[in-house]
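Thanks for coming, everyone. I'd like to walk you through a protein that may be new to you, so let's put it up on the screen.

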Amino acid sequence: MFSKKLFGQRVQEVRKLHKETQQDLGDAIGTRANNISEMESGKRTTTSEKIAKICRHYHISADYLLGLSDDMRGGCDRWIEEE
């Protein structure tokens with residue numbers, strides 16, 4: 001079952017792993033830092049387009065962000081090949 005709280009925790013986790021600010025992530029996916037803050041706190045989610053941008057930016061799987069898998073990189077090999 002999808003959880004906004006888990007989604008937010010995972011967004012924050014990967015952002016901090018990459019030593020980026022909320023502003024950095026917002027700039028990368030085309031949104032404001034306060035939207036990133038609301039996502040990370042579990043108050044809101046975002047569009048599928050922005051989820052895809054987060055995944056591409058950090059080379060992680062959407063299944064991981066959405067809480068469907070605990071494998072952060074599952075299925076992301078093809079993105080590295082495309083770049």
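Let's start with a simple one: what percentage of the residues of the protein count as buried? It's 35% of the 83 residues. Keep in mind that we're looking at a predicted model. Its mean pLDDT is 90, and 89% of the residues reach 70 or more. That confidence varies along the chain, though: helix H2, residues 22-29, has the highest mean pLDDT of the elements, at 98, while helix H6, residues 77-82, has the lowest, at 53.

So what's it built from? You'll see 6 helices and 0 strands, and reading along the sequence gives you α-α-α-α-α-α. Now look at contacts between residues at least 6 apart in sequence: 52% of them join residues at least 24 apart. As for the outside, the accessible surface comes to about 5100 Å², and carbon and sulfur atoms account for 48% of that.

Okay, let's zoom in on H4, which runs over residues 48-58. Which residues in H4 are buried? They are Lys50, Ile51, Ile54, Cys55 and Tyr58. These five sit on the same side of H4, because they cover an arc of only 145° around the axis. There's a general reason to expect that kind of pattern: an α-helix has 3.6 residues a turn, so residues three or four places apart point the same way. If you turn H4 around, the face away from the buried side carries Ser48 and Glu49, which are exposed.

Moving along the chain, right after H4 comes His59, with a positive phi near 55°. Then there's Ser61, in the loop between helix H4 and helix H5, which covers residues 62-65. Is Ser61 buried or exposed? Ser61 is buried, because its relative accessible area is 7%, below the 20% cut-off. And its side chain has polar company: Ser61 reaches the backbone nitrogen of Tyr64 at 3.0 Å, and a polar atom of that side chain lies 3.4 Å from the backbone oxygen of Asp71.

One last stop, back in helix H2, where we find Asp24. With a relative accessible area of 34%, Asp24 is partly exposed. How far apart in space are Asp24 and Ile36? From C-alpha to C-alpha they're 9.8 Å apart, with their positions 12 residues apart in sequence numbering.

That's the tour, so over to you for questions.

Note on methods. Residues are numbered from 1 along each chain as its sequence is written. This is a predicted model: local features need pLDDT of at least 70, side-chain atom pairs count only at pLDDT 80 or more; totals for chains, interfaces and linings use all residues. Side-chain values use heavy atoms; hydrogens and water are left out. Helices (H or I, at least four residues) and strands (E, at least two) are DSSP runs, numbered from the N terminus. Buried means under 20% relative accessible area, exposed over 50%, partly exposed in between (1.4 Å probe, protein chains only). Contact means heavy atoms within 4.5 Å. Accessible areas come from the Shrake-Rupley method with a 1.4 Å probe; for residues, only the protein chains shown count as cover. A polar contact is a pair of N or O atoms within 3.5 Å; within protein, one must be able to donate a hydrogen and the other to accept it, and residues adjacent in sequence count only if both atoms are side-chain atoms. The arc is that of the directions from the helix axis to the C-beta atoms. pLDDT is the predictor's confidence in each residue, from 0 to 100.
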